[in-house]
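I opened the model to look up its domains, its core, its chain contact and a few backbone angles. My notes follow in the order of looking.

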Amino acid sequence: MRKLFVSLGSLAAAALVAAPASAQQPIKIGLIMPYSGQFADAATQMDNAIKLYVKQKGDTVAGRKVEFIRKDTGGIAPDVAKRLAQELIVRDNVDLLAGFVLTPNALAAGDVSEQAKKFMVVMNAATSIITTKSQYMVRTSLTTPQVNESLGTWAATKGGVKKVYTMVSDFGPGLDAEGAFQRGFKEAGGEVIGQVKMPVANPDFSAFVQRAKDLNPESIYIWVPGGAQPPALGKALAERGIDPKKTRVMGQGEVTDDAALKSMGDVALGIITAFHYDPNHNSAMNKDFVKSYNEAYGRNPDFFSIGGWDGMHVIYEALKKTSGKTDGQTLVDAAKGMKWESPRGPISIDPQTRDIVQNVYIRRVEKVDGKIVNVEFDKVENVKDPVKARMK
Amino acid sequence: MSLTTDPVSGPYQYLKAQSRWRVLEVAFWLCTLLPYFLFPNYLVLASQIAITALFALSLDLILGYAGIVSLGHAAFFGLGAYAAGILSKHGWGEPITGLIVGGVIAALVGYASSFIISRFRHLTLIMITLGLGLLLHEAANSAHFLTGGADGLQGVKIWKIFGLYGFDLWGYTAYTYSLIVLFLGFLLARRITNSPFGLALRGIRENAVRMPAIGAPSHAHIRKIYTISAAMAGVAGALLAQTTETVALEVLSFQRSADTLVMLVLGGAGMLYGGIVGSAIFMIARDQFSGINPQYWYFWIGLLLIVVVMVLPNGVLGGLKKLFTTWRGPS
């Protein structure tokens with residue numbers, strides 16, 4: 001309790017000292033992320049990119065200093081996220097909201113953005129409908145259908161696959177991915193010969209893989225959450241004798257991200273994934289980005305980082321355009337239609353849906369110089385979120 | 001009256017004395033109005049503290065008074081939240097009736113499960129309540145069409161209270177609304193615990209086998225209080241759903257059950273005010289610590305808990321009470 005009072009006191013003191021310091025008010029950005037709990041690493045990666053951006057581009061934009069106020073949701077907690085967004089706006093007077101790793105939290109804060117007319121940048125949460133929650137919101141990450149429907153269409157056309165068996169985790173994001181993939185695949189003339197939904201908290205995949213093997217499908221589509229599950233699934237595939245070189249195994253990028261590839265090893269070779277970003281993407285800009293990221297934090301950036309990086313880019317560029325004006329309408333108007341070159345490739349903000357338009361890269365896991373990496377060998381260019389495109 | 005010569009006058013007078021309002025209590029409730037004047041920027045947090053306090057109070061009724069250890073009480077909180085949320089999603093956003101529906105549905109499920117609960121004690125009970133909570137969590141996850149699954153329930157729109165007070169960004173309405181419901185819930189809990197029924201519950205807590213021998217049916221009493229507690233938890237859940245206009249799977253999570261148990265222990269179980277004080281301390285500490293350091297604030301919470309449990313084994317209120325009695329001298 002005493003500690004609390006001490007900290008309260010020091011906070012108050014800090015506020016008193018800081019108040020008369022600058023004539024030109026700083027721009028305050030409220031970051032809402034799961035800094036603690038099981039999604040903490042995602043927040044760390046995103047926050048690293050944000051810090052790196054500020055370090056490289058300076059902490060002043062349009063003549064005003066940029067300040068961050070970081071708030072922790074502790075995981076999936078929309079009630080907390082909504083309260084934090086409200087408090088950031090009414091108590092801390094932030095000019096805009098950013099961050100948002102998890103869909104439920106982004107949806108809840110979206111209501112606040114709409115009500116308070118504040119600009120909001122979603123840097124990860126990938127469910128399609130999020131951006132419909134507030135007309136002051138833009139997204140710089142990806143949407144699940146964007147990646148998976150593209151993969152489905154690609155598989156049935158250029159990929160030359162006609163039959164697929166789908167295996168997904170039985171919860172929201174998995175079901176979304178399954179629906180999007182199957183839709184793209186069927187519309188391009190493919191056939192889904194079977195599907196299974198696997199419990200989210202069950203890292204033993206052998207029974208499910210055996211069932212897939214019994215059907216002897218031409219290809220298998222998988223979606224499992226990143227972390228411990230991709231390696232477990234990879235091992236089950238190898239144990240049951242499904243060889244990604246013969247039976248085509250496909251999935252969304254998390255399945256073969258850096259950490260997963262490290263623990264899967266050679267088992268992963270030949271798996272095909274679709275994603276919007278990989279640290280091995282071949283461009284001068286990305287090489288610089290990965291290099292300075294590694295120098296600062298000693299690890300590769302991932303898709304959370306790239307969402308944070310480009311989110312900061314939108315914020316900085318929009319503020320430059322408005323010469324530091326921060327009301328929601330002006331900022332979102334400045335962000336609409338913005339086009340730029342990101343480390344992941346050319347991207348833009350769709351002026352209608354305020355959602356990201358980007359290339360979806362098709363990659364295969366290969367061994368390059370003894371290292372197992374994702375190698376991009378095809379891409380679907382300028383993909384808009386297909387769900388919102390159909391809404392109109 | 002002639003009651004004074006009656007052999008039962010002892011306990012009756014004891015209960016009567018217990019139910020008299022003390023100065024401290026009045027002062028405590030006056031203090032709950034302070035946030036309006038002192039911290040008008042913290043009203044949203046205050047409203048969530050009031051909601052959590054109501055939930056902790058409902059847990060206190062079964063844990064602190066009847067000795068039913070539950071690690072799955074969030075099941076009822078979540079049921080209430082989903083009931084109110086789904087009701088408003090399908091076109092009925094009136095808050096008061098939403099609260100009632102949330103409470104009734106939680107009470108029905110609470111009553112049904114109380115038949116299992118009343119048969120067991122201690123460790124077995126922890127496992128059973130934990131299991132029931134997890135079952136419900138998974139059911140809500142699977143029922144995607146009804147609950148929105150992992151994405152949370154979308155489209156919750158709550159009407160103005162009495163058509164007059166809309167939920168604002170500053171949380172004036174949310175806090176007033178939550179505080180009134182908390183106070184009503186508290187009055188109910190106070191009335192229950194200061195009744196012969198409440199006394200019987202305390203007897204059950206101390207010795208469940210002996211109570212039927214002196215004419216108090218343990219199982220029936222446990223079923224009653226469990227149902228009441230479930231209803232109160234449901235109302236708290238409905239309040240959260242209404243004031244935040246969101247419902248996510250997290251309302252049913254084990255984390256919520258466990259956190260509330262921690263708050264109750266922190267404040268002091270079996271004292272009515274324990275849950276309220278505990279949830280205020282826990283949530284204010286969490287807010288402040290996580291503001292100072294968003295990554296490692298759990299460390300300070302852990303430290304706070306260890307210190308409280310070691311120095312004040314009966315919670316903050318228990319400690320204060322002890323201090324108070326030593327100061328006044330033995331009565």
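Entry 1, domains of chain A. The model is a predicted one. I began with the domain assignment of chain A, which gives domain 1 (24-142 + 284-354) and domain 2 (145-275 + 360-391). Taken over C-alpha atoms, the centres of domain 1 and domain 2 of chain A are separated by 29 Å. I then looked up the contact of these two domains: eight residues of domain 1 of chain A are in contact with 12 residues of domain 2 of chain A. On the side of domain 1 of chain A that touches domain 2 of chain A, I noted two nonpolar, four polar and two charged residues.

Entry 2, the core. I looked up the largest nonpolar core, and it has 207 residues. The residues with the most contacts inside this core are A:L96, A:V101, A:A109, B:L54, B:L57 and B:A236. Helix 4 (residues 43-65) of chain B gives the most to the core, with 17 residues. Domain 1 and domain 2 of chain A both give residues to this core, so the core lies between them. I picked A:L96 and listed its contacts, leaving aside neighbours within four places in sequence. Among them are A:I29, A:F119, A:V121, A:I315 and A:L331, and also A:K118 and A:T326.

Entry 3, helix 4 of chain B. I went back to this helix and checked its burial: 23 of its 23 residues are buried. Is its length as expected for 23 residues at 1.5 Å a residue, or not? Helix 4 of chain B should span 33 Å, and its end C-alpha atoms are 31 Å apart, which agrees. I also found a kink of about 35° in helix 4 of chain B, centred on B:L59. B:G67 follows the helix and has a positive phi, near 70°.

Entry 4, helix 6 of chain B. I ran the same length check on helix 6 (residues 95-117) of chain B. Its 23 residues should span 33 Å at 1.5 Å a residue; the end C-alpha atoms are 31 Å apart, which agrees. Helix 6 of chain B bends by about 25° at B:Y111.

Entry 5, contact of the chains. How many residues does each chain bring to the contact? I noted 29 residues from chain B and 33 residues from chain A. On the side of chain B that touches chain A, helix 4, helix 11 (218-244), helix 13 (273-292) and helix 14 (297-311) of chain B each supply at least two residues. Helix 13 of chain B has the largest share of that side, four residues. By class, the residues of the side of chain B that touches chain A are 13 nonpolar, 13 polar and three charged.

Entry 6, positive phi in chain A. Most residues other than glycine have a negative phi. I therefore wrote down two residues of chain A other than glycine with a positive value: A:K117, with phi near 55°, and A:S323, with phi near 50°. A:K117 lies in the loop between helix 4 (103-116) and strand 5 (119-122) of chain A. A:S323 lies in the loop between helix 11 (303-321) and helix 12 (328-335) of chain A. Are these residues buried or exposed? A:K117 has 14 C-beta neighbours inside 10 Å, so I entered it as partly exposed. A:S323 has 11 other C-beta atoms within 10 Å, so I entered it as exposed.

Definitions and conventions:
Residues numbered from 1 in each chain as written. Chains lettered and ligands numbered in written order. Predicted model: local features only at pLDDT ≥ 70, side-chain atom pairs only at ≥ 80, totals over all residues. Core = buried A, V, L, I, M, F, W, Y, C linked by C-beta atoms within 7 Å. Buried ≥ 20, exposed ≤ 12 C-beta atoms within 10 Å, placed from the backbone. Domains from an automatic or database assignment. Contact = placed C-beta atoms within 7 Å. Nonpolar A, V, L, I, M, F, W, Y, C, P; charged D, E, K, R; others polar. Expected span 1.5 Å × (residues − 1). Bend = angle between axes of the 7 residues up to and from the residue.
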